[in-house]
Amino acid sequence: MEPNSRYRSAVRSFYAWIGSMIVLGGAPIVALQLVERGTLLARVAAVVLGVSGSLPWLWVVFNIIRRGDEFVRRMHLVAGTFAFAGALVLVSAADWLVRAGFLSHPNLMVLWVGFLLLWLIALLGTQRYFERER
Amino acid sequence: MKNRLRELRAERGWSQAELGVRVGVSRQAIIAVEGERFDPSLPLAFKLARLFGLTIEDIFEPDEGK
């Protein structure tokens with residue numbers, strides 16, 4: 001890829017990333033308001049919006065990995081592995097807290113937001129690790 | 001794996017981003033290879049070797065301690 005087209009592609013990816021992050025953060029807020037309305041149509045719309053809100057961000061991440069070089073792919077592989085392990089700990093912690101009677105039921109929103117945060121933290125941590133001098 | 005990438009790049013006065021463009025990878029990839037945190041694939045190692053007019057063994061050296 002030529003330097004100019006590489007730059008344009010990076011700028012496009014950046015704007016797509018920002019846009020998808022806005023949708024990712026905004027969709028649950030709107031979906032919660034729709035749930036509060038209580039009508040069947042509003043609740044159906046809340047489910048559709050709540051679920052589809054993360055799709056643009058996932059698409060952007062997928063494209064970053066697909067178009068990335070071997071280092072980007074390795075970084076996402078390592079980060080994904082750590083995030084998966086962290087998610088396992090988070091889910092099992094929620095399970096045992098419920099079983100032991102410390103929680104009445106797990107808040108699923110805390111879980112999926114937790115997964116997302118774990119993924120982002122794993123990505124930042126992995127990037128930091130690879131950029132440090134040995 | 002140890003390597004002489006930083007030294008070779010500095011000799012030519014190239015930035016990490018410039019070297020990345022020449023071999024078709026990101027600046028982050030060059031940073032990670034130079035920092036010896038990331039071992040490049042064979043195709044990338046061959047590209048680097050060809051770019052500097054050297055062999056892979058001239059640039060990369062196995063880390064015997066590992």
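A residue is called buried here when its relative accessible area is under 20%. The model on display is a predicted one, and the tour below proceeds from chain B to chain A, with a stop where the two chains meet.

**Stop 1. Chain B as a whole**

Select chain B and colour the residues by accessibility. Of its 66 residues, 45% count as buried. A cartoon view shows 5 helices and 2 strands, and from the N terminus on these elements run β-α-α-α-α-α-β. The radius of gyration of chain B is 11 Å, close to the 11 Å of the globule rule for 66 residues, so the chain is as compact as a globular protein of that length. Aligned to the principal axes, the C-alpha atoms of chain B fill a box of roughly 30 × 25 × 20 Å.

With a contact map open beside the viewer, restrict the list to contacts in chain B with a separation of 6 or more: residues 24 or more positions apart account for 58% of them. Switching to a surface, one finds that chain B exposes about 3500 Å², of which carbon and sulfur atoms supply 51%. Colouring by charge brings up 11 positive and 11 negative side chains in chain B, the centres of the two sets lying 7 Å apart.

**Stop 2. B:Leu5**

Next, select B:Leu5, which is placed in helix H1 (residues 5–12) of chain B. Is this residue buried or exposed? B:Leu5 counts as buried because its relative accessibility is 0%. Display the residues around it: not counting those up to four places away in sequence, B:Leu5 touches B:Leu19, B:Val33, B:Glu34, B:Leu48, B:Phe52 and B:Ile59. For a distance label, pick B:Ser41 as the second residue; B:Leu5 and B:Ser41 are 36 residues apart in sequence and 15 Å apart in space, C-alpha to C-alpha.

**Stop 3. Helix H3 of chain B**

Two of the residues touched by B:Leu5 lead onward, since B:Val33 and B:Glu34 are among the buried residues of H3(B). Select the helix, residues 27–34. It is mostly covered, with 6 of its 8 residues buried. Besides B:Val33 and B:Glu34, the buried residues are B:Ala29, B:Ile30, B:Ile31 and B:Ala32.

Which elements cover these buried residues? From chain A, the cover includes helix H4 (70–99) and helix H5 (108–131). From chain B, the cover includes strand E1 (2–3), H1, helix H2 (16–23) and strand E2 (60–61).

**Stop 4. The loop after H3**

Move along the backbone to B:Glu36, in the loop between H3 and H4 of chain B. Its phi is near 60 degrees, a positive value in a residue other than glycine. Most residues other than glycine have a negative phi.

In this loop, which runs between helix H3 (27–34) and helix H4 (42–52), select B:Arg37. B:Arg37 is buried, with a relative accessible area of 14%. What does its side chain reach? The side chain of B:Arg37 reaches the backbone oxygen of A:Arg132 at 3.2 Å. Leaving aside neighbours within four places in sequence, B:Arg37 is in contact with B:Ala32 in chain B and, across in chain A, with A:Tyr129, A:Phe130, A:Arg132, A:Glu133 and A:Arg134.

**Stop 5. Chain A as a whole**

Now select chain A. It holds 5 helices and 0 strands, in the pattern α-α-α-α-α along the sequence. Its radius of gyration is 18 Å, whereas a compact globule of 134 residues would have one near 14 Å. The C-alpha atoms of chain A fill a box of roughly 55 × 40 × 15 Å along the principal axes.

Buried residues make up 24% of the 134 residues in chain A. Among contacts in chain A with a separation of 6 or more, residues 24 or more positions apart account for 64%. On the surface view, chain A exposes about 9500 Å², with carbon and sulfur atoms supplying 71% of it. Its charged side chains number 13 positive and 7 negative, and the centres of the two sets lie 5 Å apart.

**Stop 6. A:Val60**

Finish by selecting A:Val60 in helix H3 (residues 55–67) of chain A. At 6% relative accessibility, A:Val60 counts as buried. Not counting residues up to four places away in sequence, A:Val60 touches A:Ala16, A:Trp17 and A:Ser20. A distance label from A:Val60 to A:Trp17 gives 6.3 Å, C-alpha to C-alpha, for two residues 43 apart in sequence.

How values were computed:
Residues numbered from 1 in each chain as written. Chains lettered and ligands numbered in written order. Predicted model: local features only at pLDDT ≥ 70, side-chain atom pairs only at ≥ 80, totals over all residues. Heavy atoms only, no water. Helix = DSSP H or I, 4+ residues; strand = E, 2+ residues; numbered from the N terminus. Buried < 20%, exposed > 50% of the residue type's maximum accessible area, 1.4 Å probe, protein only. Polar contact = N/O pair within 3.5 Å; in protein donor to acceptor, adjacent residues only side chain to side chain. Contact = heavy atoms within 4.5 Å. Rg over C-alpha atoms; globule rule 2.2 N^0.38 Å. Areas by Shrake-Rupley, 256 points an atom, 1.4 Å probe, with all protein chains shown as cover. Lys, Arg positive; Asp, Glu negative; His and termini not counted. Charge placed at Lys NZ, Arg CZ, Asp CG, Glu CD.
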